[in-house]
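User: I'm new to this one and would like a plain walk through it. Can we take it a question at a time?

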Amino acid sequence: MFDNLSEKLDKALHVLKGHGQITEINVAETTKEVRRALLDADVNFKIAKEFTNKVRDKALGQNVLTTLQPGQLMVKIVKDELTELMGGDAAGIDLSGNPSVILMSGLQGSGKTTFSGKLAHYLKTKKNKYPLLVACDVYRPAAIDQLHVVGDQIGVPVYSDKENSDPVSLAKAGIAHAKAQGQNVVIIDTAGRLAVDERMMTEISQIRDAVQPQETLFVVDAMTGQDAVNTAKAFNDVLNFDGVILTKLDGDTRGGAAISIRSVVNKPIKFIGTGEKMDALDVFHPDRMADRILG
Ligand code: GDP
């Protein structure tokens with residue numbers, strides 16, 4: 001994950017890790033290289049600039065020039081700032097409802113259906129919950145079938161009704177079904193489109209207003225870099241969602257989305273997807289991710 005970024009940051013910090021004379025120029029040089037590494041990883045220009053300015057100020061403020069191990073101090077400063085940028089502490093999800101309703105949003109292909117299954121599996125096996133998956137994509141019968149395949153794989157029931165073409169009433173019927181069956185979490189998989197459009201936004205807002213979910217989650221493909229960040233912004237402007245799910249972090253992704261998204265939408269990344277299998281889900285820990293990036 002993020003091999004290229006890790007390598008470049010390691011190189012950038014190498015100067016200060018050596019035993020040569022440490023000067024303000026060295027620090028400036030290092031932060032410039034750090035900025036370049038972030039830009040290469042597809043981090044938004046403004047964020048990269050603010051980040052390196054903070055790192056530089058902190059480094060000079062903490063007397064990195066006079067410390068015995070300037071390299072280590074610099075790595076720590078970069079790590080702390082990366083952690084902060086990605087959200088500080090890990091964010092949980094609200095399971096206080098009865099049932100708790102979790103609404104999934106995102107573009108088609110982002111990994112919504114796969115993640116709905118992963119989350120149901122996680123809640124069932126790790127949190128002792130009884131989830132119900134609800135298929136609300138009324139436009140693509142294949143999407144409904146896909147959710148049933150996923151549900152069968154993990155042994156979680158799926159509510160769908162191909163006769164019903166109204167996603168709002170489907171979502172409500174799904175919740176009523178969960179109540180009747182004693183299921184305490186309802187995960188609603190909604191329709192996505194290939195690009196942000198008004199109809200999709202209106203539809204998901206209507207579902208959200210009707211079912212008042214504990215969590216509205218936005219799923220996005222990390223491989224799409226700055227597009228991921230722009231899409232997140234567009235969804236958040238309309239939905240004011242509660243958290244982000246970054247999928248496909250197992251692929252050849254550069255890392256920009258993971259690093260930038262939090263500060264652009266001011267919402268936490270809650271989970272990451274690291275594969276196609278149902279157990280390829282991790283709770284997102286900013287500090288662990290920063291550790292991983294800095295190796
Ligand atoms: P949806 O249209 O948003 O519901 O997206 P899908 O759940 O159908 O996922 C689209 C494709 O991405 C499928 O081929 C999934 O197997 C794949 N996918 C989803 N999540 C991940 C992930 O975390 N890693 C990888 N490598 N593939 C994923």
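User: Leaving aside its neighbours within four places in sequence, which residues is Glu81 in contact with?
Analyst: A word first: this is a predicted model, where local features need pLDDT of at least 70, side-chain atom pairs count only at pLDDT 80 or more, and totals for chains, interfaces and linings use all residues. Residues are numbered from 1 along each chain as its sequence is written, and side-chain values use heavy atoms, with hydrogens and water left out. Contact means heavy atoms within 4.5 Å. With neighbours within four places set aside, Glu81 is in contact with Phe51, Lys54, Val55 and Lys58.

User: Is Glu81 buried or exposed?
Analyst: Glu81 is found in helix α4 (helices are DSSP runs of H or I, at least four residues, and strands are runs of E, at least two, numbered from the N terminus). Buried means under 20% relative accessible area, exposed over 50% and partly exposed in between, with a 1.4 Å probe and protein chains only. The relative accessible area of Glu81 is 9%, so this residue is buried.

User: Zooming out, how many helices and strands does the protein have?
Analyst: Along its principal axes, the C-alpha trace spans about 75 × 40 × 30 Å. Of the 295 residues, 52% are buried. The secondary structure comes to 11 helices and eight strands.

User: Among contacts between residues at least 6 apart in sequence, what share joins residues at least 24 apart?
Analyst: Ile144 and Thr113 give a feel for how chain distance and space can differ: they are 31 residues apart along the chain, with C-alpha atoms separated by 9.2 Å. For contacts between residues at least 6 apart, the share joining residues at least 24 apart is 76%.

User: Which helix gives the largest share of the largest nonpolar core?
Analyst: A nonpolar core is a set of buried Ala, Val, Leu, Ile, Met, Phe, Trp, Tyr and Cys residues joined through side-chain atoms within 4.5 Å. The largest one has 68 residues, and Leu5, Ile188, Leu246, Ile259 and Ile293 touch the most other members. Its largest share is seven residues, and they come from helix α4 (residues 70–85).

User: How many residues are in the other core, the one with Ile93 and Val150?
Analyst: This core lies apart from the largest one, and its members include Tyr122 and Ile144. Ile144 is part of helix α6 (residues 141–154) and counts as buried because its relative accessibility is 7%. The count for this other core is 24 residues.

User: What distance does helix α5 reach from its first C-alpha to its last?
Analyst: The expected span of a helix is 1.5 Å times one less than its number of residues. Helix α5 (residues 112–126) has 15 residues, for which 21 Å is expected. Its actual reach is close to that, at 20 Å.

User: Which residue takes a positive phi just after α5?
Analyst: Inside α5 the buried residues include Phe115, Leu119, Tyr122 and Leu123. Just past this helix comes a phi of about 50 degrees, and the residue that takes it is Asn128.

User: How are the rings of Tyr122 and Phe271 arranged?
Analyst: Rings of Phe, Tyr and Trp (its six-membered ring) pair if their centres lie within 6.5 Å; planes under 30 degrees apart count as stacked, over 60 as edge-to-face and the rest as tilted. By this rule there are four aromatic pairs. The centres of Tyr122 and Phe271 are 5.4 Å apart and their planes at 75 degrees, so this pair is edge-to-face.

User: Where in the chain do the two partners of that pair sit?
Analyst: Both Tyr122 and Phe271 are buried. They link distant parts of the chain, 149 residues apart. Tyr122 sits in helix α5 and Phe271 in strand β7 (residues 269–273).

User: And what kind of pair do Phe218 and Phe235 make?
Analyst: Phe218 is buried, and so is Phe235. Their ring centres are 4.9 Å apart and their planes at 40 degrees, so the pair is tilted.

User: Which elements do the buried residues of α7 pack against?
Analyst: Helix α7 (residues 167–181) has 15 residues, and its end C-alpha atoms are 21 Å apart, in agreement with the expected span. Its buried residues include Val168, Leu170 and Ile175. They pack against β1 (100–106), β2 (131–136), β3 (158–159), β4 (185–190) and α8 (198–211).
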